[in-house]
Structure formats: structure tokens, C-alpha cells
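Work through the exercises below with the sequence and the 3D view open. Try each task before you read its solution.

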Amino acid sequence: MSFEPGTELGKANLDVFAETLLELAQDNPDVLAVTSDSRGSGKLVPYAAAVPDQLVEIGIAEQNLVGVAAGLASTGKIVFAVSPASFLTARALEQIKNDVCYSDQPVKLVGISAGVSYGALGSTHHSIHDLAALRAIHNCTIIVPADNFETAEAVKAAARMFHPVFLRFGKRPMTHLHRPGTAFQVGKSLLVREGSDVAFIATGETVIHALLAATDLEREGISARVVSMHTIRPLDTDAILAAADECRAIVTVEEHSCAGGLGEACAAVLMQANRHVRFRIVGFPDEDTVTGSQLEIFTHYGISAQGLAGTARKLLASTDQ
Amino acid sequence: MTAVVLRIKSIQYRLRLLEYIKKAGAGHTGGSLSCVDILNVLYNRVLNVSPENFADSRRDRYIQSKGHSVEALYVVLADKGFFPESDLETLCRFRSPYVGHPTRKIRGIEQNTGALGHGLAFSVGVALAGKKDNADYRVYTLLGDGELAEGSNWESMLTAAHYHLDNLTAIVDRNQLQISGHTESVCRLECLTEKFQAFGWSVRSVDGHDVTALADVLGSIPFEVGKPSMVIARTIKGKDVSFMEHDAKWHHGVPSDEQYERARRELETLLMEAGA
Ligand SMILES: [Mg+2]
């Protein structure tokens, strides 16, 4: 049976992160996971059992977690600092800025249960500011994998990087998006589906919803492209400009505030390249974010097959840009 | 290096750091003067680190958490040959790498610091890596006393004790002053010894300007096997310049021409008295 993107359910990206990290750690004793009482939420319990000397428990102290990780990394250790994205990138933001990015210590910052993965727990546990915060800090690659393949590749790529990187994972099982043999490269987006009327430029756990919307739109004769923009920095500007040149409209999709995330980054690329294309940003608006499951929150804000198809349809039908 | 030579070096360092602060028109004068003797003893008596072994993973590490006193560090590193002292003529100038806080762009500096409450966590990481690798290097960090109000320090103290990091030493430049005034009136710290002990550290207090006493204390680390070592160095902010001592206004005060001349004369007198 041939593989069709968007049809087979895989594991949670977090599980794949933990499995990939364990493989790396078993190959190389310098690989370390540093956790803030987060080994359970990081799916690192099997890791801790298999390579106990390669797990550094810090306790619930995210600032300390990042500072210690920077010190470990300075000695040549391959350090994954693993903590819920909401705490890692807010409470420890100064440590990320100074100890890791400014000091150029090659820590791999891993934001777990990112976006609204902890949707029902309230805004304390949502991480919808992290891309904006990190985009404004120099010297940090930002990767938001969409499926299990992208996750495994991103973790392996991060382990090889000599500079800071932020990875962001959710905890719901993800649908496979890429055919076997697909090549993953940091900074180079992946085309999930070809299309020429509208382009969905989506990132992370929203990509599958863009793909399902594209399938729906096809039935109406609308050809929708789906791009998985897994790397937010460096941004794949070629793919964004190609979408503007080859499609009539662009819809960006992200599990993040509309302020300062993927959408605004794409808008800046397009405007500064003088591309005037119909354009919408789908993400979370500037309001007290609703609570519920990740999917309920997605649906509420139009990050669903129906919502995204509707946005694309209206955008294509609009006469003003 | 004998105590007399160390004492002379300290005064020479004070003269130089004042010269570069005066030329730059900027700098953290009081705190640099208070920690010079500590840096002097570390770099000339304690640390196994030099321009020759700086790339060697077995070198000792010094991380200056109170980054604002970078002028003291710069003159000591220049004296040790990490870079030509004439580089310091560019201190704080446009695009000079010699900025007002430590950065790794300068040879000899391990980590970018300056925001307070960061150096100890980094040092814990380096010390923990040393334990994992069975390396015998040691890690030293210098904290300001005002800096101790940053909660991150206390998080890192927990971790250092938890992992029995007896290869780690923190030194507090206990000059009793911070930018707004006396530490005990800004945010009470005492009883510091008991607090550090309660956090699992082995603590010693020392006259932070007595180079012999400093060398003795820093030479007997770890104080207890299995525990990180804390040195409370009792110091005087603005040390050795009469009108700067014990005065918070010199935290980042830059002397006028007249004040600079007066400070220079005082230090030169001390230099003669020390036998230079
Ligand atoms: Mg002080």
C-alpha cells in the first residue's frame, strides 16, 4: 500500500523526541538531558532508566536549568535542556538570552508541551509567546516540527549544531506527513502538497489541519499548496516568495500568538520583497486565550480543516487585497 | 609569589583600572577596587589558567558573576598576558570588544555575564561536567553581595550541594554596599554564613584584602569533601582610595581630573610603603 500524507497516525512528537534522544545518548556518552522535574512530561522516564548518568535533574528551577545547561555545554557536553515551553521560554528567558544565545553556548533548548498542548490548564501553561520572544533574540535557531519524521530529524540535527537551538514539541499523536526518503534540512521548508491557488504556510502541529483543508478545497476545484515551515529561523524565504509568485493567496498557520510569530515573519518577507499577495495570518488573537483541549482551542480560532478552508475560500473570493 | 609582591600587584592593578576608567569616562569603580585582591590571589596563586592552557579542557575556570567589576578583571587578564594592556585604551569605545561587562570575545573570559544571578548556575554546570568526566579542574565564581538578592543564586546553591560539587568555590565580595546603599538596608542578607550552611555549603570568612589570608583560604579547597565551598570575603568598596572607601556613590562613579590625581597620589604612596 502506498503512503498517502495525512492518513496514518503516528506517535506524539514528544515520544519521538525522547526515543531519538535515547538513541543519541546510547551512541555518545557526552549527550545529556537536563530536566526541571520534567522527565515524565518529557517522556524521558525510559531514557532515565536506560542512561541514568546522562540525565541531570535540576528540580523545579528553570532559570537554574538553563544556566547549568550552558555551563555543561561550555565543556563540550551535548546538552538538551528539557522543560515545559511555557516556563522555559518565559521564566528563564534572560538565561536563554545571556547564558545561551549571547554567550553562544550550544545548548539545545527543548520546549515540551508547547503551544496550547496544556490547553485546559490555562494561560500559565500555554506557550504562545515563545516564537516571538526568541525571534527577537540573536543567535538561536528555532525549529517547530510537524510530525514524527521532522521531530526525529530535528533532534538529530540539533545534536550536531554548534550554536543554540530551540525545539518545540506537543504531546498529541501526529499524522505522518512525508513520504519515505524525504530529506530534512534545517532552514529549508518541506512541501507537503503541491498547489497553485492558495498556499498554506503552516508550522508544527497545525500543518496537518492545513493539509486536511487542502484536501477539502480540492473537491471544490481549489488547488491548495501546503508548506511545512518547520524552521522559523532561519526562515525559508525562497519558499515564501515562491508561494507568492505561484499562488494567488497565502494563509499562514501557527500554534502561537498572531503577534511576532510565523505569520508576521512571512508578511515582512513578502512586503520587503514587494510581493503584494492576498494574505491572512491564522493564529491566536490578542485576547485572553480560550481554554480546553488543544483541538478545541484550534477549532475555536479557525485552525481546523473547516476553518482554514473557509479562510482560504474567502480570501480567494475577496476583491480587495 | 610572595605576599609583598602580591600586595604591590594589587596596588598596581588599582592604579591601572582607575586609569582606564578615567580614560573611558565609565566603569564600575567601587566594586572593581573591592575585588582586586581576590582576583590577584586567584590568578597569581590559585588558578591553573594561563594564555597557554586556555584552550585546554583541564584548565581551572573563573567565572565573574558580578560582571560589572570587569575593569578589575581586564587589568588582571592583561597582566597575565591574555591580551596587550594597550587594548584597554579602547574600553567602552564604539565597537570596542572591551565592553562594560565580561564577554567571551576577550581571551581569558569564560562566559558573558553582567545580568546578575547568572554566574553561579553556569559554574555549577561546569563543575558538574568536571565530576562526570572525573576531571580535576576547579571552578571559581565571584558574586557581589547585592547580587545575592537574585533568587537564581539560591536555586544554584541547592543544585551545587545536591550534586556534592566540592570542585566548586563561590566567593562573595562582601563590601556591604550596592548601588542604592547598604545591603542590609536595601534587602537584608545576614546571617549569610548560616544561610549558606543551611543550603549545604561549607563556609569560611576572610579579610578580602589580606592576600596572605586569601591565599590560605583559597588554597585549602575543598573545605569539606563532598560540599561546595563558599568564601565570604570581607571587603571595602572603593578600597585604597580614601575618599572612595565605604561610599556607594562610587559604585559607578568616574573621578574628576582632580579626584583622579588625588587617587593616583594616594595609591603611589601605598606602593612606596609596600616596598615597590
Ligand atoms: Mg556590593
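**Exercise 1: a helix and its packing**

Task: find the buried residues of helix α9 (residues 237–246) of chain A, then name what they pack against.

Solution. Step 1: the buried residues of α9 are A:A239, A:I240, A:L241, A:A243 and A:A244. Buried means under 20% relative accessible area, exposed over 50%, partly exposed in between (1.4 Å probe, protein chains only). Helices (H or I, at least four residues) and strands (E, at least two) are DSSP runs, numbered from the N terminus.
Step 2: these residues pack against β10 (198–202), β11 (224–228), β13 (249–257) and α10 (262–272) of chain A. Contact means heavy atoms within 4.5 Å.

Ground rules: this is a predicted model, where local features need pLDDT of at least 70, side-chain atom pairs count only at pLDDT 80 or more, and totals for chains, interfaces and linings use all residues. Residues are numbered from 1 along each chain as its sequence is written, chains are lettered from A and ligands numbered from 1 in the order in which they are written, and side-chain values use heavy atoms, with hydrogens and water left out.

**Exercise 2: cysteines**

Task: state how many disulfides the structure holds, and check A:C247 and A:C258.

Solution. Step 1: the count over all chains is 0. A disulfide is a pair of cysteine sulfur atoms within 2.5 Å.
Step 2: A:C247 is in no disulfide, and the nearest cysteine sulfur, that of A:C266, is 13 Å away. A:C247 is buried, at 6% relative accessible area.
Step 3: A:C258 cannot bond either, because its sulfur lies 12 Å from the closest cysteine sulfur, in A:C266.

**Exercise 3: the metal site**

Task: list the residues that coordinate the magnesium ion, and place B:D145 and B:L177 in the chain.

Solution. Step 1: the ligating atoms come from B:D145 (OD), B:N175 (OD1) and B:L177 (O), at 2.1 to 2.2 Å. Donors are N, O and S atoms within 2.8 Å of the metal (3.2 Å for Na, K and Ca); water is not among the atoms, so sites may look incomplete.
Step 2: along the chain, the donor spacing reads D-x29-N-x1-L. B:D145 sits in the loop between β2 (139–144) and α5 (151–162) of chain B, while B:L177 is in strand β4 (residues 177–178), 32 residues apart.
Step 3: B:D145 and B:L177 are both buried.

**Exercise 4: the core**

Task: describe the largest nonpolar core and the surroundings of B:W201.

Solution. Step 1: the largest core has 76 residues. A nonpolar core is a set of buried Ala, Val, Leu, Ile, Met, Phe, Trp, Tyr and Cys residues joined through side-chain atoms within 4.5 Å. Those with the most contacts inside it include A:L72, B:L168 and B:W201.
Step 2: helix α4 (residues 119–132) of chain B gives the most to this core, with 8 residues.
Step 3: leaving aside neighbours within four places in sequence, B:W201 touches residues including B:L120, B:M157, B:F196 and B:M230.

**Exercise 5: the chain interface**

Task: give the extent of the contact between chain A and chain B.

Solution. Step 1: 25 residues of chain A and 25 residues of chain B take part.
Step 2: the two chains bury about 1,900 Å² between them, 49% of it on carbon and sulfur atoms. Buried area is the accessible area (1.4 Å probe) that two parts lose on being put together, summed over both.
Step 3: on the chain A side, A:N64, A:T75 and A:Y102 lose the most area to chain B, together 23% of what that side buries.
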